[in-house]
Amino acid sequence: MITNLLVANRGEIARRVFRTCRSLGIATTALYADPDADAPHAREADAAVRLPGAAPADTYLRGDLIVKAALAAGADAVHPGYGFLSENEEFARAVLDAGLTWIGPPPAAIAAMASKTAAKRLMAAAGVPVLDAVADPVEADLPLLVKAAAGGGGRGMRVVHRLDELVPRLAEARAEAANSFGSDEVFCERYLPTGRHVEVQLLADAHGTVWAVGERDCSLQRRHQKVIEEAPAPGLDAELRAALHAAAVAAARAIGYTGAGTAEFLLGPDGRFHFLEMNTRLQVEHPVTECVTGLDLVALQLRVAEGEPLPAAQPPAPRGHAIEARLYAEDPARDWQPQTGLLHRLELPGTTAEFTTADGDTGLRLDSGVEAGSVIGVHYDPMLAKVIAWAPTRAAAARRLADALTRARIHGPVTNRGLLVAALRHPAFLAGRVHTAFLTEHAADLAPAPGGDALPALAAALADAAERRGGAALPSGWRNLPSQPQTKRYAAADATVYDVRYRFGRAGLAAEDHPGTTLVSATPTRVVLDTDGIRNGYDIARYGDRVHLDTPAGATVLTAVERFPDPASQVDPGALLAPMPGTVVRTAVTVGDTVTAGQPLLWLEAMKMEHRVTAPADGVLTELRAAPGQQVELGTLLAVVQPAS
């Protein structure tokens, strides 16, 4: 039996595995790289082993160091989590060769699915429908999807709409794939813009039992990475569901699979499905399956690894519906650029469970690897948390999840929270009309309206005044005689500027742009305003010049703006600054080149993805300060484009 389990991972998946281990009486060992020295997963484990360094290549991807850590800590089993080395055949063999129990499928099964091209051939031979690779694309094959053969997660993937785009997209995909997976092998297949990503959860033991534990729909994606997942998949009839489950079971049996895994399929608009890949590990989105079945998938993984058979009874049929939203530190308005910085606050009112599924027909679960005080850096995926709601119906689960995200207190880097809420409330989503291009198709509907409400800026100004007046009896700006108003300026994330003007007189608050608004109360942390008889409260927190305002209807983030900014702080309009900390991967231009608006000039790598830096306008490149391999900080000057006269 397993007595001490090392999780060869970090963040929320490490905490998730530890949660099950505690319930089973299994001791736990964590790993931590230097940026994770005070991370929740490192503190929660019974023991933690340092991996010196910061970059994944020096720490969480060093299988040799991880095996040594397990042995040194007295662990007798290794759980790989997901990502990093979870689908690495050599690592699995090294764990077994060291006499440790591997919580995963046999290395041969991992190897069989390691290359998507080889896996397609194997699945076709097993009778599983596949989407054929396109060897020599022609116009009739468009659009195409370029994919990395050795990995997933959206890395090494590019969509090609015109044949003249094929060569540069292949080069981009190869470079990203080599950097992410150590292999630059890519292939092309037909791209189905409105296809659905449907996957089947598998569990198999060494005694011949293979379970299809329901399916999930993971169609809402950005950059080919999932952001909203749900179980069961909406709109599938019994025949199609049975066919998907049968194909998944056939895929598992074809490679002698054991443990937890996922068979992923692309479901076309015509109702036909095709095998995409098999993830030979637990998936990020496994909580939705747990919430509708009541199963603990990690506990079942451990049971299988200990040689025990799965229960004789088939897995329970799904009850109700569960939806998961991935909360990321990223900015959807800026091409999903990952964000870094200090997380001041992360609270989700109404949470009923963390890392496990509580009893009941409804609930709200939070799985997070960070907490207030965590620093979101550049080395790892920018996911802050997974928020999961389950309820008797899909509509009820979507409503519960959208409301929970709306009420959440998230203070720190910019997140995708607003987009998640908008997607969950969109009529097309509620009608079950989901597909992989959903976020692109409905981009205009999902983006926040420019301008927005100006009342939060007034509330921020009044809170600031309350803080400045301290214990004074009269509010800031009170005058017995008419005078000039108090002024304060704030900027919103969309660059909208709010000039707040107010004064206090014998009749109370007089705000020039809000004639029907009166002040009920104001402290540095809470302001209550009454507008035409409707009272609204704002909970307010300030971090430097950044102001977070939370209400039950949503959150607003404003930045206090100086009335007379320092001219030295102004940036040349042709200057290109690093949008995030990262590493310069490659450049595509030299000084003196004529460039066009939108032309890629260089690529930065941060948080496991490549990000293009493009020319802001037509012109000439007059400076290039970036070089491949260079580490840059947020705001570093990378290049200057002199606009065409």
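Visitor: What makes β30 and β31 count as paired strands?

Guide: In this predicted model, 6 bridges join β30 (residues 546-551) to β31, and the two strands run antiparallel. Pairing requires at least two bridges between the strands, so 6 bridges qualify β30 and β31 as a pair. Within the pair, H548 stands opposite V557 in β31. The two strands form a hairpin, with 2 residues between them.

Visitor: Which other strand pairs with β31, and how many bridges support that?

Guide: Strand β24 (residues 486-492) pairs with β31 (residues 554-560) in the antiparallel sense, over 3 bridges. The threshold is at least two bridges, so β24 and β31 also count as paired. Y490 of this pair stands opposite A560 in β31.

Visitor: Why is α5 called roughly perpendicular to α6?

Guide: The axes of α5 (residues 107-114) and α6 (residues 116-125) cross at roughly 100° and come within 6 Å. That angle makes α5 roughly perpendicular to α6, because the label covers 65 to 115 degrees. On the α5 side A112, M113 and A114 take part in the contact, and they meet K116, A119, L122 and M123 in α6. By class, the residues of this contact are 6 nonpolar, no polar and 1 charged.

Visitor: What makes α4 roughly antiparallel to α5?

Guide: The axes of α4 (residues 89-97) and α5 cross at roughly 175° and come within 9 Å. That crossing makes α4 roughly antiparallel to α5, because angles over 145 degrees carry the label. The residues E89, A92, R93 and L96 in α4 meet P107, A108, I110 and A111 in α5. This contact of α4 with α5 divides into 6 nonpolar, no polar and 2 charged residues.

Visitor: Why are β3 and β5 called edge strands?

Guide: They belong to an open sheet of 5 strands in the order β3-β2-β1-β4-β5, with parallel pairing. β3 (47-51) and β5 (101-102) each pair on one side only, and they are the edge strands. For β5 the partner is β4 (residues 77-79), paired in the parallel sense over 2 bridges. At least two bridges are needed, so β4 and β5 meet the requirement. One of the bridges puts A77 with T101 in β5.

Visitor: How do you know that α1 packs on this sheet, and which strands does α1 touch?

Guide: Helix α1 (residues 11-24) touches β1 (4-7), β2 (27-33) and β4, and its direction makes about 170° with that of β1. Angles over 145 degrees count as roughly antiparallel, so the direction of α1 is roughly antiparallel to that of β1.

Visitor: What is the strand order of the sheet that holds β9 and β10?

Guide: That open sheet of 9 strands runs β13-β12-β9-β10-β11-β14-β22-β20-β19, with mixed pairing. Its edge strands are β13 (273-279) and β19 (353-354), each of which pairs on one side only. Strands β9 (residues 196-204) and β10 pair in the antiparallel sense over 6 bridges. V198 stands opposite D217 in β10.

Visitor: What angle does α8 make with β10, and which strands does α8 touch?

Guide: Helix α8 (residues 238-254) packs on the sheet and touches β9, β10, β12 (259-267) and β13, its direction making about 110° with that of β10. The range 65 to 115 degrees counts as roughly perpendicular, so α8 is roughly perpendicular to β10.

Visitor: Which residues line the second largest cavity?

Guide: The structure holds 4 cavities of 30 Å³ or more, and the second largest has a volume of about 50 Å³. Its lining consists of V213, G214, E215, A231, P232, T289, V292, T293 and P318. β10 (210-222) and α9 (286-293) each supply at least two of the lining residues. By class the lining has 5 nonpolar, 3 polar and 1 charged residues.

Visitor: What sets the bond between A231 and P232 apart?

Guide: Most peptide bonds are trans. A231 and P232 are joined by a cis peptide bond, with omega about -5°. P232 is placed in the loop between β11 (225-231) and α8. A cis peptide bond also joins L142 and P143, with omega about -5°, and P143 is in the loop between α6 and β6 (144-148).

Visitor: What is notable about the phi of D335?

Guide: Most residues other than glycine have a negative phi. D335 is not a glycine, yet its phi is positive, about 55°. D335 is found in the loop between β15 (330-331) and β16 (337-338).

Note on methods: Residues are numbered from 1 along each chain as its sequence is written. This is a predicted model: local features need pLDDT of at least 70, side-chain atom pairs count only at pLDDT 80 or more; totals for chains, interfaces and linings use all residues. Side-chain values use heavy atoms; hydrogens and water are left out. On a 1 Å grid over the protein atoms alone, a cavity is a set of points where a 1.4 Å probe fits but cannot get out, and a pocket is an open set with protein on both sides within 12 Å along at least five of seven lines; lining residues have an atom within 4 Å of a point. Grid points are joined across faces, edges and corners, and a volume is the space filled by probe spheres set on the points. Helices (H or I, at least four residues) and strands (E, at least two) are DSSP runs, numbered from the N terminus. Ala, Val, Leu, Ile, Met, Phe, Trp, Tyr, Cys and Pro count as nonpolar, Asp, Glu, Lys and Arg as charged, and the others, Gly among them, as polar. Axes are lines fitted to C-alpha atoms, for helices over the stretch in contact, and angles run from 0 to 180 degrees between N-to-C directions. Angles under 35 degrees count as roughly parallel, over 145 as roughly antiparallel, 65 to 115 as roughly perpendicular and the rest as oblique. Contact means heavy atoms within 4.5 Å.
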